[in-house]
Amino acid sequence: MAHVLGIDLGTTNSCVAVWRDGRAQVIDSAEKERTTPTAAGQPTPGQWIVGAPARWQAQTNPEFTFSGLKRILGRSLEDPLVLQAQSMSPFSIEASPDGFAWVRTRDGLQSPQTVLAHVLRKMRSSAEAYLGEPATACVMTIPAYFGIAQKAAAKEAALLAGLQVVRLLPEPSAAALAYGLERGADKTIAVFDLGGGTFDVSILKIRGRAFTVLATEGDQFLGGDDWDSRIIDAVADPFRASYGVDLKADRVALQRLRDEAEKAKIRLSSLEAYDIALPWIALDPRTGQKLDVFHAMTREALDELTRDLVARLTPPCDAALAKAKLTPRDLDEVVLVGGMTAMPAVRDAVRLLFGRTPRQDVSPECAVAIGAAIRGAALTGEIRSITMNEPLPHSVGLELEGGAFHPILKRGAVTPVRKRADVFTTSQPDQQAVAIRLYEGDLTVAGDNRALGVLILDGITPRPAGEARFDVTLDVDAD
Ligand code: AMP
């Protein structure tokens with residue numbers, strides 16, 4: 001089999017790796033970075049700028065620079081996560097003809113998967129340049145809590161980019177693979193993943209080469225961007241008090257400040273102090289003189305500004321351990337994923353939460369893509385096979401007459417799985433067709449869960465109500 005790419009499509013940044021010469025190798029982007037910003041911008045209709053260059057043009061084109069799309073992928077416009085994303089988004093998020101969250105591009109309304117395909121296409125072409133041959137298959141990682149519609153949307157994004165998804169892989173399992181945990185003894189581990197926009201913590205059980213995610217918790221609106229915002233406020237508030245100029249109200253100034261704030265945060269992971277300097281960021285309204293920002297920042301001050309953000313890391317970790325019925329002592333390893341785990345205050349928090357020093361031997365930004373490449377190598381037979389026991393994050397079932405939800409496969413059922421439900425009957429005399437409405441979720445009223453689709457079974461021979469009987473079998477594959 002040809003090479004199978006390992007792709008981590010992240011909320012903020014994405015990464016691609018491939019198994020070559022006996023190990024997983026990260027493929028640099030066209031800009032010679034290990035990751036590619038998950039962003040695409042449209043300066044004019046029909047034209048797309050992707051990855052790092054999309055970020056660079058964001059300050060002059062905010063309405064048509066799309067980022068964070070993984071949050072809304074495969075979700076309806078009414079989904080609480082979408083509503084929250086919508087309230088903070090500089091671009092317009094609107095309903096598709098069938099109620100999904102789509103975005104308004106310069107070429108009209110498009111699905112998030114269509115826009116994300118630009119990012120995947122760019123990564124695919126970097127991979128092809130690196131391999132010197134076409135790449136058409138991938139293992140793609142997804143959050144452990146992704147439902148069926150989100151998984152389908154992720155696969156569609158890859159397909160639009162010319163990539164067949166040979167397997168979907170939960171991000172925490174991918175991270176565990178990256179740390180070589182399939183090679184050791186039986187272990188229970190925590191995967192702590194803090195990226196630019198989201199926080200996830202998962203507990204996994206590893207038995208030989210079989211992986212099971214026991215619990216996943218997180219905060220969908222906690223990430224490095226929040227740390228950046230605190231630095232922005234710490235600079236912009238005193239600037240306004242001194243000069244009466246609101247840097248946050250000036251789009252270009254704000255973007256410059258945002259970039260510099262992120263840089264300061266990153267530098268303060270290795271340095272104790274960093275001077276934020278932004279020459280000629282505004283004009284003094286009274287004198288017409290050029291104004292500069294100069295703000296001496298220390299790691300200690302940054303930690304002080306963001307103490308409450310660090311505190312928000314605790315409840316999801318406690319909840320994940322409780323769900324897995326474990327205490328920190330039961331864990332054998334803690335592994336780190338996501339760029340923000342380079343921050344000393346975050347590492348200290350992890351150490352405190354889990355009572356152990358986390359593993360730091362794999363780059364946290366690339367761990368998930370590396371794991372996906374290892375999974376790909378197991379599928380092509382380059383290394384020994386690996387088993388992923390993936391519990392369903394939500395129950396799957398159908399709507400009963402009257403609207404109640406009847407789960408056939410319960411949350412936690414390990415896939416792949418096939419289950420035959422009870423026997424169903426017709427409810428009307430001479431009924432010749434039934435509509436089987438499938439839902440995913442855990443609420444008692446079917447309509448409150450996520451609709452997956454409707455199956456029409458017709459051609460039923462007319463009979464009195466309740467006499468036509470039929471079986472429903474649900475078959476859920478590894479993806
Ligand atoms: P990810 O989504 O995993 O790529 O993580 C991106 C986030 O990590 C962004 O908020 C980055 O600013 C942040 N980040 C990357 N490197 C570092 C670093 N060395 N120290 C602190 N934060 C970092």
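Helix 10, residues 314-323, lies across strand 13, strand 14 and strand 15. Its direction is at about 145° to strand 15. Please keep in mind that this is a predicted model, and that holds for everything I go through here.

A second helix belongs in this part of the talk. Helix 11, residues 344-354, lies across strand 13, strand 14 and strand 18, and runs at about 150° to strand 13. So much for the helices; now the sheet itself.

The strands that these helices cross sit in an open sheet of six, in the order 18-13-14-15-19-22. The pairing in that sheet is mixed. Which strands stand at the edges? They are strand 18, at 333-337, and strand 22, at 414-415; each has a single partner strand, so one side of each is left without a neighbour in the sheet. Inside the sheet, strand 14, residues 199-207, and strand 15, residues 210-219, run antiparallel and are joined by nine bridges. To pick out one position there, D200 stands opposite G218 of strand 15.

Just after the edge strand 22 comes a point in the backbone to look at. P416 is in the loop between strand 22 and strand 23, the latter being 417-420. The peptide bond that leads from T415 into P416 is cis, with omega near -5°. As a reminder, most peptide bonds are trans, and most residues other than glycine have a negative phi. I will come back to phi twice.

Next, the hairpin. Strand 16, residues 273-283, and strand 17, residues 290-298, run antiparallel with eight bridges between them. A282 has L291 as its bridge partner in strand 17. Between the two strands of this hairpin there are six residues, and G288 takes a positive phi near 75°. That one is a glycine, but W280 is not, and W280 still has a positive phi of about 50°. Where is W280 placed? W280 is in strand 16.

Now the other open sheet, the one with four strands. The order is 21-20-25-26 and the pairing is antiparallel. Strand 21, at 405-409, and strand 26, at 450-458, stand at the edges with a single partner strand each, so one side of each is left without a neighbour in the sheet. From one strand to the next the twist averages 30°.

Let me walk through the pairs in that order. Strand 20, residues 396-399, is joined to strand 21 by four bridges, and the two run antiparallel. Within that pair, G397 stands opposite P407 of strand 21. Strand 20 also pairs with strand 25, residues 433-440, in the antiparallel sense and over three bridges. G397 appears again here, with Y439 as its bridge partner in strand 25. Moving on, strand 25 and strand 26 run antiparallel and are joined by eight bridges. In that pair E440 stands opposite R450 of strand 26.

The second phi I promised is on the way into this sheet. D430 is in the loop between strand 24, at 424-425, and strand 25. Phi of D430 is near 60°, which is positive in a residue other than glycine.

Last topic: the ligand. How many residues surround the ligand? There are 13, and the closest are N13, E262, K265, S269 and G339. By character, the shell divides into three nonpolar, eight polar and two charged residues. Which element gives the most to this shell? That is helix 7, residues 251-267, with three residues.

As for individual contacts, I will show three. A polar side-chain atom of E262 lies 2.6 Å from an oxygen atom of the ligand. For S269, a polar side-chain atom lies 2.6 Å from a ligand nitrogen atom. M340 takes part through the backbone: one of its N or O atoms lies 3.2 Å from an oxygen atom of the ligand. In terms of area, the ligand taken alone exposes 500 Å², and the protein buries 87% of that.

That is what I have on this model.

Key:
Residues numbered from 1 in each chain as written. Predicted model: local features only at pLDDT ≥ 70, side-chain atom pairs only at ≥ 80, totals over all residues. Heavy atoms only, no water. Pairing = 2+ DSSP bridges. Axes fitted to C-alpha atoms, helices over the stretch in contact; angles between N-to-C directions. Near = heavy atom within 4 Å. Polar contact = N/O pair within 3.5 Å; in protein donor to acceptor, adjacent residues only side chain to side chain. Areas by Shrake-Rupley, 256 points an atom, 1.4 Å probe, with all protein chains shown as cover. Nonpolar A, V, L, I, M, F, W, Y, C, P; charged D, E, K, R; others polar. Contact = heavy atoms within 4.5 Å.
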